[in-house]
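Visitor: I'd like to go through the aromatic rings here. Could you show me the structure and give me the reasoning behind each label?

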Amino acid sequence: MELLFALVIKHVIVDLGLQSQLLWGLTHNKKRYFGCHAHYFHHGLGTLIVALFFTSPLVATIAAVIDYIAHWHIDYTKHNTINYLELKRQDKLFWWVTVVDQLLHFLTYYLLVLYVIN
């Protein structure tokens, strides 16, 4: 439970704090497959740091790589869905796409916890 809570805290810090402070104006690159990897790296690094408190360095590294790859593909899909449907922040569907995005991130953390504890 503590690991899951720590990953959620990491997610909020990286997605809202670091992304807004370090990557302001650059996140439009998420619609490109190889765009905005600094953001995905921040997630992977954050997961590595958090996981090192709960497991071995090898397992923590694998969890970090999984988070990096998952975050990349979830964000890429979200941004391309929003662009394809030409959604704006004021559109209700924009927020439902964002809800699915966040649910997939939290599902990733849940699965990472299952991986780490087994």
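Visitor: Why is Tyr109 called buried?

Guide: This is a predicted model, and in it Tyr109 has a relative accessible area of 0%. Buried means under 20%, so Tyr109 is buried.

Visitor: And what makes Phe106 partly exposed?

Guide: Its relative accessible area is 32%. Partly exposed covers what lies between under 20% and over 50%, so Phe106 gets that label.

Visitor: How do you know that Phe106 and Tyr109 are separated by about one helical turn?

Guide: Both sit in helix H4 (residues 92-117), and they are three residues apart, so about one helical turn separates them.

Visitor: Now the other helix pair. Why is Trp72 counted as buried?

Guide: Trp72 comes out at 11% relative accessibility, and the cut-off for buried is under 20%, so buried is the word for Trp72. Tyr68, with 22%, is partly exposed.

Visitor: Why is the ring pair of Phe106 and Tyr109 called tilted?

Guide: The ring centres are 6.3 Å apart, with the planes at 55°. A pair needs centres within 6.5 Å, and planes neither under 30 nor over 60 degrees apart count as tilted, so tilted fits Phe106 and Tyr109.

Visitor: How many aromatic pairs does the structure hold?

Guide: Four. One of them is Tyr68 with Trp72, whose centres are 6.1 Å apart and whose planes are at 65°. Over 60 degrees counts as edge-to-face, so that is what we call this pair.

Visitor: Which residues do ring pairs link into a cluster?

Guide: Tyr40, Tyr68 and Trp72.

Technical notes: Residues numbered from 1 in each chain as written. Predicted model: local features only at pLDDT ≥ 70, side-chain atom pairs only at ≥ 80, totals over all residues. Heavy atoms only, no water. Phe/Tyr/Trp six-rings, centres within 6.5 Å; stacked < 30°, edge-to-face > 60°. Buried < 20%, exposed > 50% of the residue type's maximum accessible area, 1.4 Å probe, protein only. Helix = DSSP H or I, 4+ residues; strand = E, 2+ residues; numbered from the N terminus.
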